[in-house]
Amino acid sequence: MNKTERQAALEYHEFPTPGKISVTASKPLVTQRDLALAYTPGVAVACEEIVTDPQNSFRYTARGNLVGVITNGSAVLGLGNIGALASKPVMEGKAVLFKKFAGIDVFDIEVTESDPDKLVDIIASLEATFGGINLEDIKAPDCFTVERKLRERMKIPVFHDDQHGTAITVSAAFLNGLKVVGKDISKVKVVTSGAGAAALACLDLMVDLGLPLKNIWVTDLDGVVYQGRTTLMDPDKERFAQDTSARSLSEVIEGADVFLGLSAGGVLKPEMVKKMADKPFILALANPTPEIFPEVALEARPDAVLATGRSDFPNQVNNVLCFPYIFRGALDVGATTITRNMEIAAVHAIAKLAEEELNDSVAAAYGAYDLRFGPKYLIPKPFDSRLIVRIAPAVAKAAMEDGVATRPIDDFAAYTNELQQFVYHSGAFMKPIFAAARQFVRDGAKARIVFAEGEEERVLRAVQVIVDEKLARPILIGRPEVLLARIEKFGLRLKLGEDVEVTNPEYDERFHQYWTTYWELRCRDGISKEMARVEMRRRLTLIGAMMVRLGDADGMICGTVGAYHDHLRFVDEVIGKRRGANTYAAMNILLLDKRTVAIVDTHVNDNPNAEQIAEFTLAAARQMEWLNLAPKVALLSRSNFGSGSSASGTKMREVLKLVTEQNPDLEIDGEMHGDCALDEALRLRILPHSKLKGAANLLVCPNVDSGNIAYNLLKTGAGSNVAVGPFLLGVNAPVNVLTSSSTVRRIINMTALTVLQANRD
């Protein structure tokens, strides 16, 4: 690293507080009662239950979601034997990865002990604290001894990531690399550089996957591992000794199909690569400098396929692809150990995921929208959110099959849904909605949803998920040749005419009816026949709205491209307002960490009067009730229960009067500040007899500026960009106008909700 990068790394670790982790309480500790439950006398009850049954420790403590990341710092990647204290930043980093990718809590423990037997005694004595142990950065061959003895003594999973995590990820890349180059695992010659813990664990697992032992050639600092060699040998390495007179990497590399490097930078020379078999697969995994750089290898052998351990080259082989999810699955079934079958299940889950289309979040994170399984993409990216829902269930099932699960899972569909909720914060909210949408699709009910921007990438990626999960019967507005090209480009599997219906904006036999109907609707508003014909060809939302009006679709999603009001104009012209409605409004639901909050109006009314606000407040309350959310309405203003003379305060007081007259049972109050809306104690100090109890969950803003600003601030600052909406209120059909910032997940969510709206109306 250069001087600037080093300083940036140091500042990252030091500020705003030193280190990368902290301990956060999972229960409130605010009142005297909280203290009595958390500590004395309440804590004694939990202790007694654990004495009665030790398995209760997983019910009443954090043990079942707590992993110990433990090292003595004797073999830190790229740094060597730096000792326990200096290794702490690495272990904290490991803890962050566990939490980020799998929601697992970690205590990192750095032990100043070089004797492997004493180290075993220390770690084994900690079994009562943890649900699993992740051994890290312990030198070979001590790591083999420590892990083996701990697995014999402990009844919780013990996993040396440098061995098994590396082996799992490398094996997944190995299997997929062979697919890409078209070679049979039983026939390939594999040559390795490096014979440490990671390399030997990789080879052991590859053998279990079908690689013949006789096809493996190992080299290390002393050259080829051959039968009769005595220097730098141990029983684990002896297994791979070949009966050969060859003594160097250069000699054994000839005719090799696969090179596996877990050694040092630059050891694989271009002239060696030239001697390899056709289509060589090279795993140059030394970090930060690989055994050979990809550009050098490809210059020597343009037909080579490469993987490295670095993120700035294609095919990064990274342990983070597996270890968080191995432990997630193991902890969730209370595994007493991690078996070979659990590891193999993880290998196949990782390998299979790479063959699926690229996840939208990965594409955005890496700026790689056209990757598909092949030479430049043969292993998933670390930020692929699907890893947890592929690997953890596979590992859990394998643990149950091997008889090491103390808390077996009965319903794997429910378990997978729980994991989805970890990935997508909207998961818990959307779960019953998805279930209902699927049922409508199965029943043949109204589920034909037209997507106005059918050619847009986010829409296509969302529709792929919608088809896979059977949430709707999609209709894409788009040119067939463009749709086919983009489906191919994005590596999707959609089949036009089979998975999705297509409405071609350049030609459709229904368009004569569409434009003539539009002309009849708008002829008194200055729309001529010629203009109606042209508009119907070029305005995609207009096409979609007409399809809904004439019964060719049951609902519509639009707005992912362009301005909100442009889409709303065509919706209004063709579909119009619901009977009795005089205004439209947009409502968004924010799924925050500690509360769910709806905000209205966020996109439509610049400066609505009291009557308009009262109307969309009641409409928003009905929408929330339909979603099984009891509305608690706060009418927001710059003034607080008459504390000022603001125009918004006067208007919101009038809104309160109008709403109360129309729905006297609705829990509502205002005008009030935002903090009073969410803080009952503060509100009651000002107005002890407020009709609104608890925290408000429907915030009604006096104009679109305040609504939009509040929505975007909360969504970004407190909501991790997790929102459901916008819902279009007041419209006479199941139509929702989204925004240009809508994510793939939001499009999916709103599609399911639109299906429900179609069957509610």
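Start at glycine 334, which comes after helix H15 and has a positive phi, near 65°. You are looking at a predicted model, so treat each stop on this tour as a feature of that prediction.

**Stop 1: helix H15**

Now step back from the glycine and select residues 323-332, which make up H15. How many of the ten residues of H15 are buried? Nine of them are, so the helix is mostly covered, going by a limit of under 20% relative accessible area. Colour the buried set to see it: Phe323, Pro324, Tyr325, Ile326, Phe327, Arg328, Gly329, Ala330 and Leu331. Note that an arginine, Arg328, is on that buried list.

Keep Phe323 and Phe327 selected and add Phe98 and Phe159: these four rings form one aromatic cluster. Phe323 and Phe327 are both among the buried residues of H15. A general point helps with the view here: an α-helix has 3.6 residues a turn, so residues three or four places apart point the same way.

**Stop 2: the loop before H15**

Move to asparagine 315, in the loop that runs between strand S10 (305-308) and H15. Its phi is positive, about 60°, although asparagine 315 is not a glycine. Is asparagine 315 buried or exposed? With a relative accessible area of 2%, asparagine 315 is buried.

For a companion, select lysine 279, another residue other than glycine with a positive phi, in this case near 50°. Lysine 279 sits in the loop between helix H13 (270-274) and strand S9 (281-284). Lysine 279 has a relative accessible area of 45%, and therefore counts as partly exposed.

**Stop 3: leucine 283 in strand S9**

From lysine 279, go on to leucine 283, which lies in S9. Leucine 283 is buried, at a relative accessible area of 1%. Which residues does leucine 283 touch, leaving aside those up to four places away in sequence? Show Ala173, Val258, Phe259, Leu260, Gly261, Ala307 and Val317 around it. For a sense of scale, draw a distance from the C-alpha of leucine 283 to that of alanine 436: the two are 153 residues apart along the chain and separated by 47 Å.

**Stop 4: aromatic rings and charges**

A search of the whole structure finds eight aromatic pairs. One of them joins phenylalanine 511 and tyrosine 514, a tilted pair at 5.6 Å centre to centre with 35° between the planes. Why are these two separated by about one helical turn? Phenylalanine 511 and tyrosine 514 are three residues apart in helix H23 (residues 511-522), which means about one turn between them. Both residues are buried.

Next, look for charges over rings. Select arginine 407 and phenylalanine 58: the charged end of the arginine sits over the ring, 4.2 Å from its centre. Then try arginine 760, which lies over the face of tryptophan 626 at 4.3 Å from the ring centre.

**Stop 5: two cis prolines**

Go back to the early part of the chain and show the peptide bond between phenylalanine 15 and proline 16, which is cis with omega about -5°. Proline 16 belongs to the loop between helix H1 (3-14) and helix H2 (32-38). Then select threonine 40 and proline 41, also joined by a cis peptide bond, with omega about 5°. You will find proline 41 in the loop between H2 and helix H3 (42-52).

**Stop 6: threonine 650**

Jump to helix H28 (residues 647-662), where threonine 650 lies. Threonine 650 is partly exposed, with a relative accessible area of 46%. Its C-alpha is separated by 9.0 Å from that of serine 637, 13 residues apart along the chain.

**Last stop: the whole chain**

Zoom out to see the protein chain with its 32 helices and 21 strands. Its C-alpha trace spans about 95 × 70 × 55 Å along the principal axes. Of the 761 residues, 54% count as buried. Among contacts between residues at least 6 apart in sequence, 70% join residues at least 24 apart.

Switch on a surface and you have about 33,500 Å² exposed, with carbon and sulfur atoms supplying 53% of it. Colour by charge to pick out 86 positive and 96 negative side chains. The centres of those two sets lie 3 Å apart.

Notes: Residues are numbered from 1 along each chain as its sequence is written. This is a predicted model: local features need pLDDT of at least 70, side-chain atom pairs count only at pLDDT 80 or more; totals for chains, interfaces and linings use all residues. Side-chain values use heavy atoms; hydrogens and water are left out. Helices (H or I, at least four residues) and strands (E, at least two) are DSSP runs, numbered from the N terminus. Buried means under 20% relative accessible area, exposed over 50%, partly exposed in between (1.4 Å probe, protein chains only). Contact means heavy atoms within 4.5 Å. Accessible areas come from the Shrake-Rupley method with a 1.4 Å probe; for residues, only the protein chains shown count as cover. Lys and Arg count as positive and Asp and Glu as negative; His and the chain ends are not counted. The place of a charge is taken as NZ of Lys, CZ of Arg, CG of Asp or CD of Glu. Rings of Phe, Tyr and Trp (its six-membered ring) pair if their centres lie within 6.5 Å; planes under 30 degrees apart count as stacked, over 60 as edge-to-face and the rest as tilted. A charge sits over a ring if NZ of Lys or CZ of Arg is within 6 Å of the ring centre and within 35 degrees of the ring normal.
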